[in-house]
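Open the model in a viewer and keep a selection prompt at hand. The stops below are meant to be taken in order.

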Amino acid sequence: MQSQEKIDIKNHINTNSKTNSYAQGQYKLTCPSCGSTRKKKRDTPLSVNINAETIVYHCHHCGINGAIARNQGVKMAIVKSEPTPVKKKPINLPVPDKQAETWLLERGISIETANASGCVLGKKNNKPVIGFSFTEGDETVAVKWRSANGTKDFWWDNNATRLWGLQNHDEKLPTIEKTLVITEGELDCLAIKEAFKDHSNIDVYSVPNGAPNKITDIVDPKEDKRFKYVWDDREKFEGVDRIILATDTDTNGQLLADELARRLNKARCYTVDYLGSKDANDLLVKTDAETVRKQILNAEPVPLHGLNNIEHYADEFQSLYEQGKPRGVSTGFDSVDELFTLQTGYLNIVTGYPGDGKSAFIDQIVVNVAKNYGWKTCFCSFEKPPTLHSVQLAQVLVGKPFFEGQNERMNQEEKDFAESWINEHILFQDYQDGGMPTIESILEKGASAVMRYGVRILVIDPFNFIQTDHKGLETDMVSDMLTKVQLFCKQHDVCCFFVAHPTKPAERGKKTIVTGVDIAKSMAWFSKADMGLTVFRGDSSVSVNVWKARWGWSAKCGTTDLTFNPLSGRYSEAEEIEDDYDWEF
């Protein structure tokens with residue numbers, strides 16, 4: 001292996017197509033140290049975390065690691081500091097010009113509606129423009145300018161990360177239900193405001209940054225920060241009965257609607273039929289305000305487990321026909337992938353005897369999918385304080401012990417890298433101050449984690465710490481609880497790992513692999529699991545046994561063996577090693 005001093009890591013990062021813009025974020029690259037010796041030349045074991053001041057890197061194969069300043073070529077320690085305030089540039093208003101007004105009228109939007117929404121019309125940079133003002137109190141802090149001549153050019157005076165639009169709803173007027181509309185663009189927002197200008201029971205806002213750029217099946221987790229406005233403007237969504245997602249009809253618009261529905265709770269989200277038009281403003285131009293108003297009011301609910309005909313699922317049905325059986329993301333182990341892959345919307349029940357490695361196995365999967373796909377996880381782990389849990393996650397990530405001992409521990413830079421990585425990908429529900437949580441409080445915090453951070457995995461570990469005031473049979477209590485978790489997974493498109501212990505401990509010398517029917521208090525642990533598995537520690541390896549697979553294309557029943565390394569806390573494909581590790585840590 002090459003020495004770190006001889007590796008020009010900054011040049012390697014600078015010449016890579018993924019990172020040559022130095023955009024902040026997490027990246028997976030080839031390694032300049034061990035890449036030439038790897039059999040798989042496309043492997044990307046080098047994790048790179050670029051923030052405002054530093055570039056932190058770590059190879060999960062050969063172990064090179066460190067940090068450098070973005071503007072220097074020297075190695076440096078990671079320095080934590082408060083972010084530098086962004087200096088706002090002055091906003092220059094356009095000169096008066098009638099062309100912008102004419103263009104807006106051609107789009108079906110009155111000057112009255114534009115003025116009431118805080119728009120600025122005129123000429124700027126020798127072209128007619130419309131400016132969408134973002135305010136804080138009485139101060140205009142940013143303006144998004146758009147050319148008013150059909151070219152779709154836009155630019156900013158200071159950036160904004162909040163929803164655009166002024167509240168229409170008159171709180172003094174009684175309404176049967178409060179409705180909020182979210183559009184992909186500002187002109188669509190104005191079009192709907194125009195359609196409802198004589199109706200004050202509806203609020204309309206536009207997202208500040210359009211739809212995601214990546215055309216994939218789901219929003220790339222690297223783009224989670226672009227949805228920061230969902231959390232920052234959360235007060236706008238509070239107490240709202242219906243959220244109408246009036247996004248464009250193209251692929252990116254649908255991705256935006258799907259991700260907003262996931263974060264805002266699908267149960268209250270609706271989508272719009274534009275009658276063949278591409279968006280709300282296009283529909284207004286082709287028809288009239290009454291038609292736009294009618295289509296918004298007749299928005300269809302986002303599909304849940306309710307009563308719908310096949311037409312409601314036509315796009316998904318066609319996708320299954322064209323693309324085949326859905327496949328989840330890899331667990332990071334080829335042998336485990338033969339049994340199951342990770343699917344959002346699924347409830348996965350995990351059981352096994354205390355000390356057999358259930359929690360460590362889940363930690364390993366969480367780290368794997370975060371490294372490989374950018375997925376974020378919310379842990380509700382009652383038996384582990386967040387700091388000690390972070391120690392275990394850091395060991396899995398770095399591959400070295402955290403504490404001093406006979407073996408080489410992770411150095412300060414590796415510890416700092418792990419801390420930064422955990423901060424980016426992991427949230428902890430903390431109940432260490434006392435009080436037993438209810439399943440409702442766990443799911444409420446989980447929903448906030450989805451809304452704010454885009455979390456895709458929820459881990460509840462273990463069941464017996466959850467408080468319940470159920471007065472009936474315990475089996476009914478478990479069944480009702482699992483139903484709530486199932487609905488949460490589907491409404492928020494989250495993958496849940498729920499850990500539950502078997503009814504009885506193993507008798508000395510008679511330890512056998514337990515399944516869902518052996519879990520305490522209810523058969524619902526078996527019947528309501530989308531996927532169920534047992535982690536079982538044998539004499540020389542740990543076996544993963546899948547005993548429930550609701551959908552054959554994402555899981556199948558069977559067993560595979562893995563090896564646990566007590567020094568690093570990592571699982572790996574099976575090989576025999578001595579095992580004298582204290583599994584109860």
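The tour starts with the whole chain and then moves through sheets, cores and cavities.

**Whole chain**

Show everything as a cartoon, bearing in mind that this is a predicted model. The protein chain contains 17 helices and 22 strands. Of its 585 residues, 52% count as buried. Among contacts with a separation of 6 or more, 64% are between residues 24 or more positions apart.

**Stop 1: the sheet 5-6-7-8**

Select strands 5 to 8. These 4 strands form an open sheet in the order 5-6-7-8, paired antiparallel. The edges are strand 5 (119-124) and strand 8 (154-157); each has a single partner strand, so one side of each lacks a neighbour in the sheet. From one strand to the next, the twist averages 25°.

Now restrict the view to strand 5 and strand 6 (residues 127-136). The two run antiparallel and are joined by 6 bridges. To find one position along this pairing, label lysine 123, which stands opposite proline 128 in strand 6.

**Stop 2: helix 4**

Add residues 186-195, which make up helix 4. Helix 4 lies across strand 5, strand 6 and strand 7 (139-147), at about 80° to strand 6. How many of the residues of helix 4 are buried? The count is 10 of 10. Colour by residue type and the buried set turns out to include Glu186, Asp188, Lys193 and Glu194, as well as Leu187, Leu190 and Ile192.

**Stop 3: the sheet 10-9-11-12-13**

Keep helix 4 on screen and select strands 9 to 13. These 5 strands make an open sheet of mixed pairing, ordered 10-9-11-12-13. Here the edge positions belong to strand 10 (202-206) and strand 13 (300-301), each with a single partner strand, so each has one side without a neighbour in the sheet.

Helix 4 packs on this sheet, touching strand 9 (179-183), strand 10 and strand 11, and its direction makes about 165° with that of strand 10. Next add helix 7 (residues 251-264), which also packs on the sheet. Helix 7 touches strand 9, strand 11 and strand 12, and its direction makes about 165° with that of strand 11.

For the pairing itself, pick strand 11 (residues 242-246) and strand 12 (residues 269-271), which run parallel and are joined by 3 bridges. The bridge partner of isoleucine 244 is tyrosine 270, in strand 12.

**Stop 4: the largest nonpolar core**

Hide the sheets and show side chains for Phe340, Leu342, Phe361, Ile457, Phe497, Leu533 and Tyr571. These have the most contacts inside the largest nonpolar core, which has 43 residues. Elements giving two or more residues to this core include helix 12 (358-373), helix 13 (386-398), helix 14 (412-425), strand 17 (457-461) and strand 18 (495-499). Helix 12 gives the largest share, 7 residues. A second, separate core of 38 residues includes Leu190, Val292, Ile296 and Ala299; Leu190 is one of the buried residues of helix 4.

Centre on phenylalanine 497, in strand 18. Is this residue buried or exposed? Phenylalanine 497 has a relative accessible area of 1%, and the cut-off for buried is under 20%, so it counts as buried. Its contacts include Leu342, Asn348, Ile362, Ile365 and Ile457. Draw a C-alpha to C-alpha distance to valine 459: the two residues are 38 apart in sequence and 4.8 Å apart in space.

Then move to isoleucine 457, which touches Phe497 as well as Leu342, Val369, Trp375 and Cys495, among others.

**Stop 5: strands 19, 20 and 21**

Select strand 19 (531-537), strand 20 (542-549) and strand 21 (558-565), which also give residues to the largest core. A hairpin joins strand 19 to strand 20 through 4 residues, and the two strands run antiparallel with 7 bridges between them. Glycine 532 has lysine 548 in strand 20 as its bridge partner. On to strand 21: this strand pairs with strand 20 in the antiparallel sense over 5 bridges, and serine 543 is matched with aspartate 561. Strand 20 is mostly covered, with 7 of its 8 residues buried.

**Stop 6: the cavities**

Finish with a cavity display. A search of the whole structure finds 3 cavities of 30 Å³ or more, and the largest has a volume of about 50 Å³. Its lining includes Phe340 and Leu342, along with Gln343, Tyr346, Asn348, Cys495, Asp530 and Met531.

Key: Residues numbered from 1 in each chain as written. Predicted model: local features only at pLDDT ≥ 70, side-chain atom pairs only at ≥ 80, totals over all residues. Heavy atoms only, no water. Core = buried A, V, L, I, M, F, W, Y, C linked by side-chain atoms within 4.5 Å. Buried < 20%, exposed > 50% of the residue type's maximum accessible area, 1.4 Å probe, protein only. Contact = heavy atoms within 4.5 Å. Pairing = 2+ DSSP bridges. Axes fitted to C-alpha atoms, helices over the stretch in contact; angles between N-to-C directions. 1 Å grid on protein atoms, 1.4 Å probe; cavity = no way out; pocket = protein on both sides within 12 Å on 5 of 7 lines; lining within 4 Å. Points joined across faces, edges and corners; volume = space filled by probe spheres on them. Lists of a residue's contacts leave out its neighbours within four places in sequence.
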